Amino acid sequence: DLIEPPLKRVEAHISKQAQSFDPAVEDYISYACGSAGKRLRPALALLAGGATGEITPAHEDLAVIIELIHIATLVHDDIMDGAERRRDQPTTNAKWGNAISVLLGDCLFAHALRLASGFKDSTICRRIADAAADVCSGEIIQTQRRFDLNLNVQDYFRIIEMKTAALFAVACELGGVVSGSDEKATQCLKNFGTNFGIAYQIYDDCLDLVGDESTVGKTLGTDFLKGKFTLPIIAMLDQANDEDRTRLSDWILRHEPEDFDRLREFILREGGLAMAVTAARRYLVEAQEELNVLSESAYQTGLSNICQYVHALLDQIQPASSN
């Protein structure tokens, strides 16, 4: 309710972006942008702006740009994962093939950076470009390390800080920059976004193991089948005895659908999921602590409430009382 009017305007602006392209490309852009997700990144940019000043049209522009970059990453992710559904509809690659989808993602990236160049403060455009580069670099490293049994927890956190948290961090940080906030407030917002983004990616990784496709609205189990090592899997590999580690490694390297069921059962039974959920909750707490730097306001509370929202999502996977 706090940001409903500007968020509706952001949604309308996103829908209109297809009109900026050649008519032959318009339908592809419209399809990619048309199915609204949670719009967490735009919401964070708006809340960060409100927490450090007033929400302005410039904050709405920022929110649009951040979401376009996010949509572009999803288009490319679905190609790499061979995913067939996203937000309960066919992915662009399932609908038109990989060749068009790769170029579609490229168009969205380029368009977002074109919009970012409209800010008078060149620092804003540069930070958006830096975040986009971090996201793509994180994806490259994750792809490079697929099926790598030597991937450890530190490697995992480095990857998700780049590929996911970087965009959350820049949304929050620049929400403050656009408001003209001081360096201390801007840094705390960036730290908040980083911690929140890490927590949210851990949640998403857990969902890939135990979610329900009909409820989630996207193809699940792709992390395992594509050799992406997520925190529940890494936690199990780290603490497993030699016999269990050999068995887990065989399932992972063979990556057959029936092996996914065996791995999921093992992770649930041995506490790998619970460990991952506990880690996500810890990052959410750290994110909320960063907000203490900001003056009390409805928008500061709104940022905290988004953390509570993710706590609630984690409860659906692993109730807090069972951690």
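## Salt bridges

The structure holds 18 salt bridges. The model is predicted. Three of the pairs below are described one by one, and a linked group follows.

Take Asp-130 and Arg-127. Their side chains meet in a salt bridge, with N and O 3.8 Å apart. Both residues sit in helix H7. They are 3 residues apart, about one turn of the helix. Are the two partners buried or exposed? Arg-127 is buried, at a relative accessible area of 17%. Asp-130 is partly exposed, at 36% relative accessibility.

Now take Arg-264 and Asp-261. Their closest N and O atoms are 3.0 Å apart, and they form a salt bridge. This pair belongs to helix H14, residues 257-270. Here too the spacing is 3 residues, about one turn of the helix. Arg-264 counts as partly exposed, with 25% relative accessibility. Asp-261 also counts as partly exposed, with 40%.

## A bridge between two helices

Arg-281 and Asp-315 form a salt bridge through their side chains, at 2.8 Å from N to O. What does this pair tie together? Arg-281 lies in helix H15 (residues 272-290), and Asp-315 lies in helix H16 (residues 298-317), so the bridge ties together parts that are 34 residues apart in sequence. Arg-281 is buried, at 12% relative accessibility. Asp-315 is partly exposed, with a relative accessible area of 35%.

Salt bridges can also share partners. Glu-11, Arg-39 and Glu-67 are joined into one network in this way.

## Helix H7

Helix H7 covers residues 122-144, which makes 23 residues. From its first C-alpha to its last, H7 reaches 33 Å. That is close to the 33 Å expected at 1.5 Å a residue.

At the N-terminal end of H7 sits a cap, Asp-121. One of the side-chain oxygens of Asp-121 lies 2.9 Å from the backbone nitrogen of Thr-123.

Which residues of H7 are buried? They are Ile-124, Arg-127, Ile-128, Ala-131, Ala-132, Val-135, Gly-138, Glu-139, Ile-141 and Gln-142. Arg-127, from the salt bridge with Asp-130, is on this list. The cover over these buried residues includes helices H4 (57-81), H6 (98-116), H8 (153-179) and H9 (183-210).

## Helix H12

Helix H12 spans residues 231-239. How many of its residues are buried? The count is 7 of 9, so H12 is largely enclosed by the rest of the structure. The buried residues are Leu-231, Pro-232, Ile-233, Ile-234, Ala-235, Met-236 and Leu-237.

What do they pack against? The partners are H8, H9, helix H13 (242-254), H14 and H15. H8 and H9 also help cover the buried residues of H7. H14 holds the bridge between Arg-264 and Asp-261. H15 holds Arg-281.

## Cysteines without disulfides

The structure has 0 disulfides. Why is Cys-107 not bonded to Cys-33? The sulfur of Cys-33 is the closest cysteine sulfur to that of Cys-107, but it is 11 Å away, too far for a bond. A disulfide needs the two sulfur atoms within 2.5 Å. Cys-107 is partly exposed, at 29% relative accessibility.

Cys-206 is in no disulfide either. Its nearest cysteine sulfur, in Cys-307, is 17 Å away. Cys-206 counts as buried, at 0% relative accessibility.

How values were computed
Residues are numbered from 1 along each chain as its sequence is written. This is a predicted model: local features need pLDDT of at least 70, side-chain atom pairs count only at pLDDT 80 or more; totals for chains, interfaces and linings use all residues. Side-chain values use heavy atoms; hydrogens and water are left out. Helices (H or I, at least four residues) and strands (E, at least two) are DSSP runs, numbered from the N terminus. The expected span of a helix is 1.5 Å times one less than its number of residues. Buried means under 20% relative accessible area, exposed over 50%, partly exposed in between (1.4 Å probe, protein chains only). Contact means heavy atoms within 4.5 Å. A polar contact is a pair of N or O atoms within 3.5 Å; within protein, one must be able to donate a hydrogen and the other to accept it, and residues adjacent in sequence count only if both atoms are side-chain atoms. A salt bridge is a side-chain nitrogen of Lys or Arg within 4 Å of a carboxyl oxygen of Asp or Glu.
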